[in-house]
Amino acid sequence: MRRGELTMWLAALFLGLTLVVAIFAGAVAPYRANEQDIARRLQPPALGPHLLGTDEVGRDVLSRLIYGARISLLVGVVAVALSCPLGVFVGVLAGYAGRRTDDVLMRVTEIQLAIPAILLAIAVVAVLGPGIRNVILTLSVTGWTLYARLTRGETLGVKARDFVQAARATGAGDLRIMTHHVLPNVLSPVIVVAVFAVANMIILEATLSFLGLGVEPDVVTWGRMLNGGRLYLSTAWWITAFPGLAIFLTVLAVNLLGDQLRDWLDPRLRNTLRSHQL
Amino acid sequence: MVGLGVSVAVFALVHLSGDPVLLMVSPDAPPEVVTTTRHVLGFDRPLYEQFGRYLGNALQGNLGVSLRMNRPVTTLILERLPATLQLTVAALVIAVVVAIPAGIVSAVKRGTLIDRLAMAGAVAGQAVPIFWLALLLIAFFGVRLRWLPVYGSGSLAHFVLPAVSLSTIIMGRLARLVRSSMLEVLGQDYVRTARAKGVGESRVLAVHALKNAAIPIVTLLGLQFAQLLGGAVVTETIFAWPGIGRLVVEAIFNRDFPVVQGVVLVVSLIFVAVNLLVDLSYAVLDPRIRTETA
């Protein structure tokens with residue numbers, strides 16, 4: 001097995017375990033996410049009832065990490081699941097229709113790309129208000145442009161190919177050509193980009209939570225845990241170290257998986273500027 | 001065109017959510033306060049009239065008045081913008097100074113331990129959330145070692161921690177791109193010819209290879225400038241840096257939407273300007289583009 005493949009399997013194993021632990025958080029976590037024990041506040045990591053220590057109000061850090069994984073993975077995956085089809089739809093339509101439709105859709109894409117994602121996200125979430133649904137909606141709104149630009153470029157190449165011309169000659173309509181001939185041929189790079197985007201969404205959600213603009217206050221997230229531990233940096237490093245490490249390892253695993261997937265599905269993306277923009 | 005579009009987007013953002021006045025006043029404000037605020041701010045006028053006035057004012061540099069500070073938004077942004085630009089440029093310089101040599105060395109020493117270590121560092125750097133890195137830097141260099149100040153601005157030492165943490169947003173990506181671009185260029189005939197003519201290795205790398213690999217690198221820097229400006233929002237909040245990033249976060253918590261609108265608009269226009277400069281720099285970097293344009 002090549003080193004790249006081994007790394008990918010390790011990353012997949014880590015993500016699989018995180019997913020299982022997140023799904024069965026209620027059974028796996030030693031305590032409930034918001035269960036407090038003031039008498040045991042700020043306990044350092046140690047073998048015993050609190051393996052990764054406790055926070056400023058005596059909540060178990062390990063249990064909160066496990067429950068926090070639910071939100072990070074849920075938000076990351078669902079935001080991509082919503083933004084990806086929207087972006088692909090816009091990109092295929094722009095690339096296939098061309099002319100004015102292409103101009104209008106690409107100008108809209110450029111306008112959104114001119115606003116930094118995090119700035120757009122905090123502005124949208126500030127208008128919509130906190131909550132998981134609004135955070136997912138916000139991240140979906142910020143994420144679709146990536147797929148739109150990529151799919152549009154791919155569609156421009158595919159629509160000039162012989163098999164599309166042949167389909168048109170046999171009387172296939174535009175909708176059929178787009179869904180049956182163009183779409184399947186532009187999906188490989190989209191899948192690769194979508195995997196990288198999950199990592200970006202996880203970081204973006206954690207950033208919103210860290211700034212206090214994420215989900216509801218009683219919902220535990222890795223970003224919120226980091227924010228809560230800020231005031232105890234000198235006395236209780238573990239409150240910030242472990243959630244940060246969880247974000248880092250999860251994002252790293254997703255990126256490594258994306259790297260390998262890119263080499264398999266779309267080697268053209270390797271060593272290009274586009275792959276480094278993701 | 002993009003500037004006009006961003007203006008529409010920013011204006012629509014506040015209005016699409018419903019009555020913008022309800023976003024600005026306290027949730028328990030009496031109805032008469034809501035009505036008065038709506039009238040004073042002109043939100044009782046037709047939407048096209050409001051947008052026309054907003055755009056007309058924006059073109060004259062008037063971005064409205066802060067609801068909390070009762071000062072012109074333009075003045076607030078101009079006061080804070082230099083601090084953000086200084087921080088962003090400092091982060092950009094650190095990223096370039098670290099990533100370009102790392103990418104070049106990796107490409108030249110391809111497959112060696114140095115290459116693997118540098119690229120492992122780059123991949124890890126891409127996965128580190130900057131707010132976590134910032135907290136780690138504060139805990140170690142600020143709290144434990146007491147070497148560097150952890151908040152505020154005013155001296156060169158104040159720049160170090162925020163600029164270093166902000167620079168990691170693009171450092172890993174940049175190092176990987178420099179490596180791949182250099183690998184591509186180092187295999188070209190003109191590099192082989194230069195070496196065959198006896199040109200020194202450092203000259204081959206700096207003049208023949210790096211210059212030809214520069215366009216994707218400069219393009220990435222331009223595109224990633226938005227990431228840096230966005231990342232400044234987080235960095236400035238953590239390090240109490242007096243820039244527009246912190247201003248916008250404070251404005252959101254204070255429901256001060258004219259300030260939020262103004263900052264989003266100004267940051268987007270800066271991004272557009274930076275990418276225009278990047279486009280213009282292509283002609284300087286590659287004489288063929290100059291010839292084609294002519």
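This report describes a predicted model with chains A and B, beginning with confidence and then turning to one helix, its packing, the contact between the chains, and chain B.

Chain A has a mean pLDDT of 87, and 94% of its residues reach 70 or more. Within chain A the confidence is uneven, being highest in helix H3(A), with a mean of 93, and lowest in H11(A), where the mean is 50. A reader who looks at H11(A) should keep that mean of 50 in mind.

Helix H3 of chain A covers residues 61-97. Because a helix is expected to advance 1.5 Å a residue, the 37 residues of H3(A) should span 54 Å, and the end C-alpha atoms of H3(A) are 53 Å apart, which agrees with that expectation. Just after H3(A) comes Gly98(A), which takes a positive phi of about 65 degrees.

Two packed helices are described by the angle between their axes and the distance between the axes. For H3(A) and helix H10 of chain A, which covers residues 238-265, the axes come within 11 Å and cross at roughly 35 degrees, and the crossing is right-handed. On the side of H3(A) the contact is made by Val61(A), Leu65(A), Gly68(A), Ala69(A) and Ser72(A), while H10(A) contributes Trp238(A), Ile239(A), Phe242(A), Pro243(A), Ala246(A) and Thr250(A). Sorted by class, this contact of H3(A) with H10(A) has eight nonpolar and three polar residues, and no charged ones.

Between the chains, 37 residues of chain A are in contact with 46 residues of chain B. The elements of chain A that give two or more residues to this side are helices H4 (99-113), H5 (117-128), H8 (174-210), H10 and H11 (273-277). Of these, H5(A) provides the largest share, with nine residues. The side of chain A that touches chain B has 26 nonpolar, eight polar and three charged residues.

Chain B has 14 helices and zero strands, so that, in the sense of a plain list, the pattern read along its sequence is α-α-α-α-α-α-α-α-α-α-α-α-α-α. Among contacts in chain B between residues at least 6 apart in sequence, 68% join residues at least 24 apart. Buried residues make up 41% of the 294 residues in chain B, and along its principal axes the C-alpha trace of chain B spans about 85 × 60 × 30 Å.

The two contacts described above are set out by class below.

| Contact | Nonpolar | Polar | Charged |
|---|---|---|---|
| H3(A) with H10(A) | eight residues | three residues | no residues |
| Side of chain A that touches chain B | 26 residues | eight residues | three residues |

Conventions
Residues are numbered from 1 along each chain as its sequence is written. Chains are lettered from A and ligands numbered from 1 in the order in which they are written. This is a predicted model: local features need pLDDT of at least 70, side-chain atom pairs count only at pLDDT 80 or more; totals for chains, interfaces and linings use all residues. Axes are lines fitted to C-alpha atoms, for helices over the stretch in contact, and angles run from 0 to 180 degrees between N-to-C directions. Helices (H or I, at least four residues) and strands (E, at least two) are DSSP runs, numbered from the N terminus. A crossing is left-handed if the near helix is turned anticlockwise from the far one by less than a right angle, and right-handed if clockwise. Two residues are in contact if their C-beta atoms, placed from the backbone, lie within 7 Å. Ala, Val, Leu, Ile, Met, Phe, Trp, Tyr, Cys and Pro count as nonpolar, Asp, Glu, Lys and Arg as charged, and the others, Gly among them, as polar. A residue is buried if 20 or more other C-beta atoms lie within 10 Å of its own, exposed if 12 or fewer, and partly exposed in between; C-beta atoms are placed from the backbone. pLDDT is the predictor's confidence in each residue, from 0 to 100. The expected span of a helix is 1.5 Å times one less than its number of residues.
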